[in-house]
Amino acid sequence: MDTVVIYPFSGIGHLAPMTEFAKLFVTQGFSVAIPILPPINPSLSTSATDNYISGISSTHPSISFHRLPPFTGDYSSTKPAVLLKSFIRAANPHLRDLVRDISQTSNIRAIVVDFLSLEALDVVTELQLPAYVFFTSGALSLACFLYLPTLHNEMISSFNELGETPIHIPGLPPIPASHMPDHMRDRDEGLQAFVDAFSRLPDAKGIIVNSFEILESRTLKTVREGHCLPNRDTPPVYCVGPLTTGSEAGGGERHECLTWLDKQPRGSVVFLCFGSRGRFPAEQVKEIAMGLERSEQRFLWVVRSPPDPDNWFASSDEVDLDTLLPVGFLERTEGRGMVVKAWAPQGEVLNHEATGGFVTHSGWNSVLEGVRAGVGMIAWPLYAEQKMNKVLLVEEMKLAVEMKGYDKEMVAAEEVETRVKWFMESDGGRKLRDRAKEMKDSAAAAVSYGGSSHAAMVELLSNISS
């Protein structure tokens, strides 16, 4: 049987969109094998991944998951990019063995590698299979990472040293140097590891992006014209999104927050959710609470426990609301507000008719869920490439307004109150929400028959099958 191997990086934020991508192959008669990396840190919980895999396995038997055995590598560096490189290299022998085993019973047409697992291209080359790269982030990240080696050669200072100096990347609005992705802002071995990895992007037969043409048209045009890769040919770029998770991500009974939303007026609720790594210090949680209370707006807020200052990975999902929230907050906001511990079914909440706005960390999966649901956003970026996403969301897409102070030590209660009120009550907020609804229609058109993302997938399938 014709098979595609899809190799996501560790974690649900990479596994979920790449599994949605796998479903597109299944509809065309392919089987899909997905190797599963262990967590890069053994103390990190795998429960979200395990639950997701269980849900998909029960509904999509043509998608098989294969857990790679435990392995050890050189983890002596303190630089995340270097650790990531060592981690993927250490996994390569197990990936090679798995692909060889699969090839005994299947005709492997291609291997699709996560953009954070580019060291795996060594295995693909050795086995002489066509290699594609999947970007779980948008075209803005693709432009940035294609251009990073050029930028690195042209610059003397680090991004941290440049502070708010605008960085000019073809196809993107100017990005403050301080807003470049985490772990790239120092000119050190960590940045060099990223430069070396992203220098391999042109080796792919194609690059697949979880986005759609209208959402990032200028960036995509610039990338395809070769401006981000001045000295090498740019591989074909296929925009196949927006790919967002279905109900398998949560499973089980309907969440109580959806029942609460059923009782709220249409478009009246602000939803606050900050991703799987979105944790705030206790002081910031209290500021958010005070701002929400003063705003007098309806809200649904997912609260996670504060980070462990000594070990982020050890942070608990046990949430003590009595300690975290101001005294009497839950009682004073009862009826117009709901606080959920640790997790909520984000996709279902965003698509609920009562949801009118989304305060988000601006992670790309969350951005796409907001776009697909037609919900305008208040951007509060926290980590990774989210500050870059914020720039594009606010300045180019005009689908969000920023939460001022996100780049400082603390966002004050006054800002939370002001921004939420502006979003829900002002003419500017209404225009933003209307634009989000228009983009929802564009997203639906992209993935429908004959749409841009559907056409890109047809072209990709043709190239893989030939």
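Helices (H or I, at least four residues) and strands (E, at least two) are DSSP runs, numbered from the N terminus. This is a predicted model, where local features need pLDDT of at least 70, side-chain atom pairs count only at pLDDT 80 or more, and totals for chains, interfaces and linings use all residues. Residues are numbered from 1 along each chain as its sequence is written, and side-chain values use heavy atoms, with hydrogens and water left out.

**View 1. The whole protein holds 18 helices and 15 strands.** Its radius of gyration, taken over C-alpha atoms, is 22 Å. The globule rule (2.2 Å times the number of residues to the power 0.38) gives 23 Å for 466 residues, so the protein is as compact as a globular protein of that length. The C-alpha trace spans about 65 × 55 × 45 Å along its principal axes.

**View 2. Buried residues make up 57% of the 466 residues.** Buried means under 20% relative accessible area (1.4 Å probe, protein chains only). Take contacts (heavy atoms within 4.5 Å) between residues at least 6 apart in sequence: 72% of them join residues at least 24 apart.

**View 3. Helix α5 (residues 139–154) packs with helix α7 (residues 189–198).** Their axes, lines fitted to C-alpha atoms over the stretch in contact, lie 8 Å apart at an angle of about 120°. Angles run from 0 to 180 degrees between N-to-C directions. The two helices are therefore oblique to each other (not under 35 degrees, over 145, or 65 to 115).

**View 4. F145, L148, P149 and H152 of α5 meet L191, Q192, F194, V195 and F198 of α7.** By class, this contact has seven nonpolar, two polar and no charged residues. Nonpolar covers Ala, Val, Leu, Ile, Met, Phe, Trp, Tyr, Cys and Pro; charged covers Asp, Glu, Lys and Arg; the others, Gly among them, are polar.

Definitions and conventions. Buried < 20%, exposed > 50% of the residue type's maximum accessible area, 1.4 Å probe, protein only.
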